[in-house]
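Hi,

Here is the model I promised to pass on. Have a look at it first, and my notes on what turned up are underneath.

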Amino acid sequence: MAHFDENAKPFSAQWLDERLAISTVRKVLAFEYWIPKNINFLWAMGMVLAATFGILVVSGIFLLMYYQPGVDTAFDSVNYLIMTEVGYGWLWRHVHGVGASLVFLIIYIHMFTGIYYGSYKRGREMIWLSGMLLFVLFSAEAFSGYMLPWGQMSYWAGMVITNLFSGGSLEAYGLVEWIRGDYVPGQAFLTRFFMLHVFLLPLVIIGGIVFHFATLRLPHVNNQDGEDFDFEEAAELYKAGKVKESKVIPFQPVFLSKDVFVMGIYFILFFYLVFYNFDFAMDPVNFDPADGLKTPAHIYPEWYFLWSYEILRPFSKDLGLIAFGIAQVIFLALPFLDRSPNVAPASKRGLFHIWFWLMLIDVLVLTFMGKLPPTDATFAFIGLVSAVLFFVLWIALPFITKIEKKL
Amino acid sequence: MNKELKIFGVVAFFTLLLYWGVEPFAHSQMHKHVEGHGFTYDGTADIAEASAEKKEAKTAFWADVKKIAALEGDAVAGEATFGMCMGCHMDGAGNMGGVIPPSLDHAGAIYDKNYLIALIKDPAMASNVDHKYADTMMHPMGSIKTMVTEPQDIANVVAYLKANKSAEPTAKEAFSEACARCHAMRYDKATQLGDTPTFKYKKDELAHEIKVIEEQDAVKAYMGKLPPDLSMIIRARSHHFMETFVENPQSQLAGTSMPRVGLNEAGYEKVEEYLSDIGDPSKPAREIAGPWVIGFMILFTILAYLWKSSLWRDLH
Ligand code: HEM
């Protein structure tokens, strides 16, 4: 058995160390978790995401104390009880709504940063895959949360999205009913999405975040030049006091101080939106109570799902569904479709550089078109072209990266 | 540092572009634009929308309204005519052809003068629902057409309203007089019968509930559907939609059964204030707390920057 000092004061550092090895844990996870020096603020987005998730959890707990998951009570418990009667209920609700929207903005920035710098390959595949897992989980979390106020958009988005599971011409309505627990969204539907949103999905997300962090520990994060260097050597240099020469810095406190500064900037924007400009995150249509007899004039998802919604829309029923299905998972395949050996910023990678910006702009255009009424021929056409371009880009990726020159 | 700012610029640019695309741009494409007309009523929109066989009658009607508006009204002489109005618009009046006639206590303050003239001349024409009636006499207030027929009498009673019923209403009074006969407001515990009292006995409470249901059935029979509860409408519709819809419901929802209400600008502002008090009550609290929280975050960011600088100073 290990050695225990009988005289150590309970809960003193020594006492804890002998029982929990906390100094080793802290070394591994923080003081000697090495981060390359040559990185920019985009590498703080991961911690910004973690912080936003924390805020979503805390604000969610406060909302959960008053929310009532019943088809007759949900709308009023949110819009009247929480917004009017509960002290600062409005603040928690706006924080939760704005947080849910911004978390996706930051996820997209974080993803495109990874794509730009090639941080998904040559040892970092698992980081990418675990990240995509988080993206899928957050999407499910956002969708289930959107059901809870039981407004018009909750109801109709729930109707439209669960209908997708009928599989077009497969007409698997049994599956749709099984998912809904009813023929149309009703009490059973609301209760199960409530369960998913406040229990199962957050639990899995926390596991997902731990997994994502674990995948980072061995390959370490990438850097602005994609430079591959010996972390052990650089760490020794740093520990020897040659901090200028060393290519790394410890996560705590050096990198953390930058993370915290970037978070500060982010939270200025965050709270500006919470207090002065929250409508973008809380759709007006959802302030009309759910009404199964009255289809809203426009049904569209929240902004962060628009690009994939627009991939569904322009095609025929079955083709659209297949395209939509592929679009949901295609980013998972990125590390395997990129066949170039280079880990470098896109600007140094020739054709891939063009691919990157085309992809970014295409997703943006798809997003714009996804919200517009499908009745406008010009917009429908732009949507179709962008959806086709999306697939053309993915098909082209292995070929253009195959012929990429080794740097 | 320079490079970081450049990257920040790129991220900020795309973020703003994204925002523009899914918010202002999308909304400008989704909703048809309806021109407001400053809460004044001269029938232009009604005439433009009218079917061919009705155009002439509408043009003549609004031309007459204009003529009456030019007359000098005598408020004192108007008092007697106003007595006829009170035959229906009295306190505690019951449902009359579908709705309970509203109180006129602030009618001079919240309604437009031309609209009032038009309303007394022919209520169905004024509120642009004449297409519902073979004879506009059948409108719940239609019999006024036979009671007040002389242009001078109309001018007089309107002058009376403008002189004696024009105290500034509270936000809630404006709503009660203009909208509450059709629209409930459950977050303010109000129904088409007014504020719901608190009852000592369940029996009385249920009896009241039945009365509310009966009243709502009457409104439903009159309007074709139960007008929606407006508790959250202030967040469910844009400012522009609300203004133009109240001015002329047909402009935003063609074929809707909601009649025009004829509020003037001050009257509408009061109604909106009430809708906002009930549907968005946290607005004042937001305005107080906002600067403090944002100020705190700015301070936090400055401190974080100093901390970061002190740690990174010797690294390069
Ligand atoms: C939503 C929850 C997420 C959290 C809390 C999170 C957190 C983090 C953190 C703390 C880091 C290290 C610091 C940094 O590079 O930013 C990181 C790195 C990374 N994440 Fe995530 N992440 C999330 C989602 C995603 C998603 C959706 C993807 C993309 C599929 C992704 C892909 C990556 C990659 C590729 C790296 C490595 C970056 C590099 O090596 O330079 N993450 N993540």
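α6(A) gives the largest share of the shell around the ligand, with seven residues. Keep in mind that this is a predicted model. In total, 22 residues surround the ligand, and the closest are A:Trp43, A:His110, A:Gly131, A:His212 and A:Asn222. Sorted by class, the shell has 15 nonpolar residues, six polar ones and one charged one.

Two of those closest residues also show up in the polar pairs. The side chain of A:His110 has an N or O atom 2.7 Å from a nitrogen atom of the ligand, and a polar side-chain atom of A:His212 is 2.8 Å from a ligand nitrogen. For A:Ser119, the partner is an oxygen atom of the ligand, 3.3 Å from an N or O atom of the side chain. The elements giving two or more residues to this shell are α3 (45-64), α5 (89-117), α6 (125-147) and α9 (187-217) of chain A.

Next, the two domains of chain A. Domain 1 covers 18-299 and domain 2 covers 307-407, and their C-alpha centres are 23 Å apart. Between them they bury about 2,600 Å², with 68% of that from carbon and sulfur atoms. On the domain 1 side, A:Phe112, A:Tyr116 and A:Lys121 lose the most area to domain 2, together 26% of what that side buries. The contact involves 25 residues of domain 1 and 34 of domain 2. There are two salt bridges between the domains, plus 10 residue pairs in polar contact where both residues have pLDDT 80 or more. α5 and α6 of chain A each supply at least two residues of the domain 1 side; the largest share, six residues, comes from α5(A). By class, that side has 12 nonpolar, eight polar and five charged residues.

Then there is the A/B interface. Here 60 residues of chain A contact 51 of chain B, and the two chains bury about 5,200 Å² between them, 73% of it on carbon and sulfur atoms. The count of salt bridges between the chains is four. If you want a pair to look up, the side chains of A:Lys258 and B:Glu4 form a salt bridge at 2.7 Å, N to O. α4 (74-85), α5, α11 (251-276) and α15 (351-371) of chain A each give at least two residues to the side that touches chain B, and α11(A) has the largest share, 16 residues. That side of chain A is made up of 43 nonpolar, 10 polar and seven charged residues.

Cheers

Technical notes: Residues numbered from 1 in each chain as written. Chains lettered and ligands numbered in written order. Predicted model: local features only at pLDDT ≥ 70, side-chain atom pairs only at ≥ 80, totals over all residues. Heavy atoms only, no water. Near = heavy atom within 4 Å. Polar contact = N/O pair within 3.5 Å; in protein donor to acceptor, adjacent residues only side chain to side chain. Helix = DSSP H or I, 4+ residues; strand = E, 2+ residues; numbered from the N terminus. Nonpolar A, V, L, I, M, F, W, Y, C, P; charged D, E, K, R; others polar. Contact = heavy atoms within 4.5 Å. Buried area = accessible area lost by both parts, 1.4 Å probe. Domains from an automatic or database assignment.
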